[in-house]
Amino acid sequence: LAQNASAHVARLAYQRLALRLEERQLDEVLELAPRWFEAFEKLELPEDALKCRFLEGLALREMGQLHDAVSVFREICSQAEASRLMRLSAQASNNLAQLYRILGDLKEALLYARKALPLLRQLESLVHLAKLRWCVGDILREQGKFSESIEAYRFALQETEAIGMRGDVAAIH
């Protein structure tokens, strides 16, 4: 009965979908995310629609379906840029950098890291920025660029310490 009730119901469904991802109900996320993506598209809510795709990509990554996750995040990146949704573009690029690094495509990983870095700085997304710097350290290390990788790790370490990410501080050490 409320104004925009469909949008409110859909946003609640998105929250439940995100909770399913946290609870590792990954099959359900993969089943429901495309449906809610379409629902948000029909409601002309492109950011919410892409956030559903984002959950789909994360579920695919967690299930080890890395190539499928790359496809999803590339689509998100493209659509987010077209819709000028810079936060989603930055986060999708960050995920692509990490996925390509895992897959061993270090050139592509570095390309997406370079794309994400200025966006994350502009958005002041400190947690994502610290994780990206850590990823860049890993990429450079795997390329055999040890002095550059140490520098990237130092930046990541400083940033994780500054925002209190104790677990990540220990892991970077």
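**Entry 1: the largest pocket**

I started with the largest pocket of this predicted model and listed the residues that line it. I found Leu110, Ala113, Arg114, Leu117, Arg121, Leu132, Arg133, Val136, Leu140, Glu148, Ala152 and Phe155 there. Three helices each give two or more residues to this lining: α6 (106-123), α7 (126-142) and α8 (146-162). I noted that α6 supplies the largest share, with 5 residues. The space inside comes to about 220 Å³. Sorting the lining by class, I got 8 nonpolar and 4 charged residues, and no polar ones.

**Entry 2: the second largest pocket**

Next I turned to the second largest pocket, with a volume of about 180 Å³. Its lining consists of Phe54, Gln91, Asn94, Asn95, Gln98, Val127, His128 and Lys131. Here α5 (86-103) and α7 are the elements that give two or more residues, and α5 has the largest share with 4. My tally by class reads 2 nonpolar, 5 polar and 1 charged.

**Entry 3: α7 against α8**

Since α7 and α8 both turned up in the lining of the largest pocket, I looked at how they pack. How do their axes lie? They come within 8 Å of each other and cross at roughly 160°. Angles over 145 degrees count as roughly antiparallel, so that is how I describe α7 relative to α8. I wrote the crossing down as left-handed.

On the α7 side I see Leu129, Ala130, Arg133, Trp134, Val136, Gly137, Asp138, Leu140 and Arg141. They meet Phe146, Glu148, Ser149, Ala152, Tyr153, Phe155, Ala156, Glu159 and Thr160 of α8. By class, I get 10 nonpolar, 3 polar and 5 charged residues in this contact. A nice link back to my first entry: Arg133, Val136, Leu140, Glu148, Ala152 and Phe155 are in this contact and also line the largest pocket.

**Entry 4: α1 against α3**

My last stop was the pair α1 (residues 5-22) and α3 (residues 46-62). Their axes are 10 Å apart, and the packing angle is about 15°. An angle under 35 degrees counts as roughly parallel, so α1 gets that label relative to α3. I recorded a left-handed crossing for this pair.

From α1, the contact uses Arg11, Tyr14, Leu17, Ala18 and Leu21. From α3 come Asp48, Lys51, Cys52, Leu55, Leu58 and Ala59. Which classes make up this contact? I counted 8 nonpolar and 3 charged residues, with no polar ones.

Note on methods:
Residues are numbered from 1 along each chain as its sequence is written. This is a predicted model: local features need pLDDT of at least 70, side-chain atom pairs count only at pLDDT 80 or more; totals for chains, interfaces and linings use all residues. Side-chain values use heavy atoms; hydrogens and water are left out. On a 1 Å grid over the protein atoms alone, a cavity is a set of points where a 1.4 Å probe fits but cannot get out, and a pocket is an open set with protein on both sides within 12 Å along at least five of seven lines; lining residues have an atom within 4 Å of a point. Grid points are joined across faces, edges and corners, and a volume is the space filled by probe spheres set on the points. Ala, Val, Leu, Ile, Met, Phe, Trp, Tyr, Cys and Pro count as nonpolar, Asp, Glu, Lys and Arg as charged, and the others, Gly among them, as polar. Axes are lines fitted to C-alpha atoms, for helices over the stretch in contact, and angles run from 0 to 180 degrees between N-to-C directions. Angles under 35 degrees count as roughly parallel, over 145 as roughly antiparallel, 65 to 115 as roughly perpendicular and the rest as oblique. A crossing is left-handed if the near helix is turned anticlockwise from the far one by less than a right angle, and right-handed if clockwise. Contact means heavy atoms within 4.5 Å.
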